[in-house]
Amino acid sequence: IPRFDDLEEYNRQLLDKCTSYFGRKNNRMKVPISELYEDDIAALYPLPEIEFNVATIRKRKVDCLGKIVVDGKYSYFAGPDFVFKTIQVRQTYNKFELIDVHGKEIVMYDRLYGEPGQEQIRWEDYLPIIIDKPNSLRNLSINKLFSKSLKTYILALNTTDKKEFLKGMYDVCQESDFSTAV
């Protein structure tokens, strides 16, 4: 069974592998595979003008942490504003979209594949809560995003300084994005 992290990249690799056979001759018909491919393409019906959007849409209830667990393996966080609320989940082969009751997008993530236990979270939604309880930072997976030296520095701060640091981080998130703040 093949394993991959990026479905689109895996499909590109498969296409490259298939096109590498174009110069070879078909064993039975004794013509180049590229000619057979061109014949197949010419025989195809045209695609419809309106794209068919393949997605699974379900209603799900957000848990006490603001997340939805999918297939018992992957966690997608909607945010603290949606705790215990029912939202829609729109799942395609490569995207995972969380939608509120009014049809407005809450957040869109890349769909998770592979090892169980992975999570998708927008930490900027949770920073105000972390600011209120800065010592909780020690137990959160946000620490994985910090360099070792930054993590050591932040965790060594006293509660007041930690709060100020996190407020600064939140301000940077408001001006740009979380990756800039980190």
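Two strands pair if DSSP finds at least two bridges between them. Keep that in mind as we walk through this model, which is a predicted one.

Let's start with strand 5 (residues 95-99) and strand 6 (residues 105-110). These two run antiparallel, and 5 bridges join them. If you want to find one of the contacts yourself, look for Phe96: its bridge partner in strand 6 is Tyr109. The two strands make a hairpin, with 5 residues between them. In that turn you'll find Gly103, which has a positive phi of about 85°.

There's another hairpin to look at, made by strand 2 (residues 67-70) and strand 3 (residues 74-77). Here the pairing is antiparallel too, over 4 bridges. Val70 stands opposite Tyr74 of strand 3. This hairpin has 3 residues between its strands, and Asp71 in the turn has a positive phi of about 55°.

Now for the rings. How many aromatic pairs does a search of the whole structure find? It turns up 6 of them. Take Tyr76 and Tyr109: their ring centres are 6.0 Å apart and their planes sit at 40°, so this pair is tilted. Why tilted, and not something else? Planes under 30 degrees apart count as stacked and those over 60 as edge-to-face, with the rest called tilted, and an angle of 40° between the planes puts this pair in the tilted group. Since Tyr76 lies in strand 3 and Tyr109 in strand 6, the pair ties together parts that are 33 residues apart in sequence.

Are these two tyrosines buried or exposed? Buried means under 20% relative accessible area. Tyr76 counts as buried because its relative accessibility is 1%, and Tyr109, at 6%, is buried as well. Phe96, which we met as the bridge partner of Tyr109, comes back here: ring pairs link Tyr76, Phe96 and Tyr109 into a cluster.

Next to Tyr76 in the numbering is Phe77, with a ring pair to explore. Phe77 and Tyr126 are both buried. Their rings form an edge-to-face pair, 5.8 Å centre to centre with 90° between the planes. Phe77 belongs to strand 3 and Tyr126 to helix 3 (residues 123-132), so this pair ties together parts that are 49 residues apart in sequence.

Time to head for some exposed spots. Phe84 is found in the loop between strand 3 and strand 4 (86-91). It has a positive phi of about 65° although it is not a glycine. Exposed means over 50% relative accessible area, so Phe84 makes the cut with 53%. While you're in this part of the numbering, check out Lys85: its charged end sits over the ring of Phe82, 6.0 Å from the ring centre.

Lys30 tells a similar story. It's in the loop between helix 1 (7-19) and helix 2, and it has a positive phi of about 60° without being a glycine. Lys30 is exposed too, with a relative accessible area of 58%.

Our last stop is a nonpolar patch on the surface. Which residues form it? They are Tyr37, Ile41 and Leu44, and together they have about 290 Å² of accessible area. Leu44 sits in the loop between helix 2 (33-43) and strand 1 (56-61). With a relative accessible area of 56%, Leu44 is exposed.

Definitions and conventions. Residues are numbered from 1 along each chain as its sequence is written. This is a predicted model: local features need pLDDT of at least 70, side-chain atom pairs count only at pLDDT 80 or more; totals for chains, interfaces and linings use all residues. Side-chain values use heavy atoms; hydrogens and water are left out. Patches are made of residues with over 30% relative accessible area and no salt bridge: like charges are joined within 9 Å, nonpolar side chains (Val, Leu, Ile, Met, Phe, Trp, Tyr) within 5 Å. Accessible areas come from the Shrake-Rupley method with a 1.4 Å probe; for residues, only the protein chains shown count as cover. A salt bridge is a side-chain nitrogen of Lys or Arg within 4 Å of a carboxyl oxygen of Asp or Glu. Buried means under 20% relative accessible area, exposed over 50%, partly exposed in between (1.4 Å probe, protein chains only). Rings of Phe, Tyr and Trp (its six-membered ring) pair if their centres lie within 6.5 Å; planes under 30 degrees apart count as stacked, over 60 as edge-to-face and the rest as tilted. A charge sits over a ring if NZ of Lys or CZ of Arg is within 6 Å of the ring centre and within 35 degrees of the ring normal.
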